[in-house]
Amino acid sequence: MNSYLPLAVDFHVHSEESYDGHEPIELILEHAADIGLDGVVITDHDEIDESIRAATLAPEYGLIGIPGVEVSTCHGHLLAIGVRERPDPGLPFMETVRRVRDLGGIAIVPHPFQRSRHGVRKRYLEDADAIEVYNSMVFTGYRNRRARTFARRRGYPKIGASDAHYLPNVGRAYTEILVEPTAEADTKADINGDELVEAILAGNTQIRGKRTPIRKSSVQYAKGAVRKSTYMLTKRAPLIPTIPASMDRS
């Protein structure tokens, strides 16, 4: 295993493009580089433009550029990693998984079974490319343990991620991906997103990091709930613009 190159990537981070996100991508990229990550994937809710821009800018910060999006299927959320086109939201879960693969990406299930966070239920999870078995935003370890058991029993690759909506939480949990160097890519600087994806599908991953303190995760949940409730109220009210307007872009 000593011949492998370990790369630290946070696959689940939200920018200000998400209705419940707060940070510009430039700040996220700078912070990710400062804390020693090798890559960070912006996975905004049903929005991909800023993620594509972040993937383009990433090499300027010494990071691997990987685009992605968190898609709202009719059965729960799904991370589409490595795509440059957003799959349509609102489709059945498995149809969205197939669409992600058709677009050249991998389908990772975030916070599975957590209905309060739009996690997909087990009966709809017929197939995927990887499971997020460690999400730093959970209040207790039960849901992470359940996801890990599910992934282990079915042989799915395991992913860890921060699910950060605020800058200090970026990289609190992440995935260490072990990539075998080749003649063309024998240093970290030579590794690209495609090689990372291949390593994930091969199961060459290790989970790193820790849970976000309950106080901080509670604040994130509460603010997200307020923003979503405000949106639903203003969306139904005549002659009043929706707040936040970003939720109208899907």
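Two strands are taken to pair if DSSP finds at least two bridges between them. With that in hand, the sheet in this predicted model is easy to follow. Four strands make up an open sheet, arranged in the order 2-1-8-9, and the pairing within this sheet is mixed. Strand 2 (39–42) and strand 9 are the edge strands, each of which pairs on one side only. On average, neighbouring strands of the sheet are turned by 30° against each other, with direction ignored.

Strand 8 is a good place to look at the pairing in detail. Strand 1 (residues 5–13) runs antiparallel to strand 8, and the two are paired over five bridges. One contact to pick out on the screen is that of Leu7, whose bridge partner in strand 8 is Ile177. Strand 8 is also joined to strand 9 (residues 205–209) by five bridges, and these two strands run antiparallel as well. Among the residue pairs that can be traced here, Tyr174 has Arg208 of strand 9 as its bridge partner, while Glu176 is matched with Gln206 of strand 9. As a general point, the strands of a sheet pair through backbone hydrogen bonds, in either a parallel or an antiparallel sense.

How enclosed is strand 8 by the rest of the structure? Strand 8 covers residues 173–179, and six of its seven residues are buried, so the strand is largely enclosed by the rest of the structure. In the order 2-1-8-9, strand 8 sits between strand 1 and strand 9.

Two aspartates in loops also deserve a look, beginning with Asp46. The loop between strand 2 and helix 2 (49–57) contains Asp46. The phi angle of Asp46 is near 55°, a positive value in a residue other than glycine. Asp46 has a relative accessibility of 8% and therefore counts as buried, the cut-off being under 20% relative accessible area.

The other aspartate, Asp163, belongs to the loop between strand 7 (158–161) and strand 8. Asp163 is not a glycine, yet its phi is positive, at about 55°. Because its relative accessibility is 3%, Asp163 counts as buried. For a reader browsing the model, Asp163 can be found by following the chain from strand 7 into the loop that leads to strand 8, and Asp46 by following the chain from strand 2 into the loop that leads to helix 2.

Definitions and conventions
Residues are numbered from 1 along each chain as its sequence is written. This is a predicted model: local features need pLDDT of at least 70, side-chain atom pairs count only at pLDDT 80 or more; totals for chains, interfaces and linings use all residues. Side-chain values use heavy atoms; hydrogens and water are left out. Buried means under 20% relative accessible area, exposed over 50%, partly exposed in between (1.4 Å probe, protein chains only). Axes are lines fitted to C-alpha atoms, for helices over the stretch in contact, and angles run from 0 to 180 degrees between N-to-C directions.
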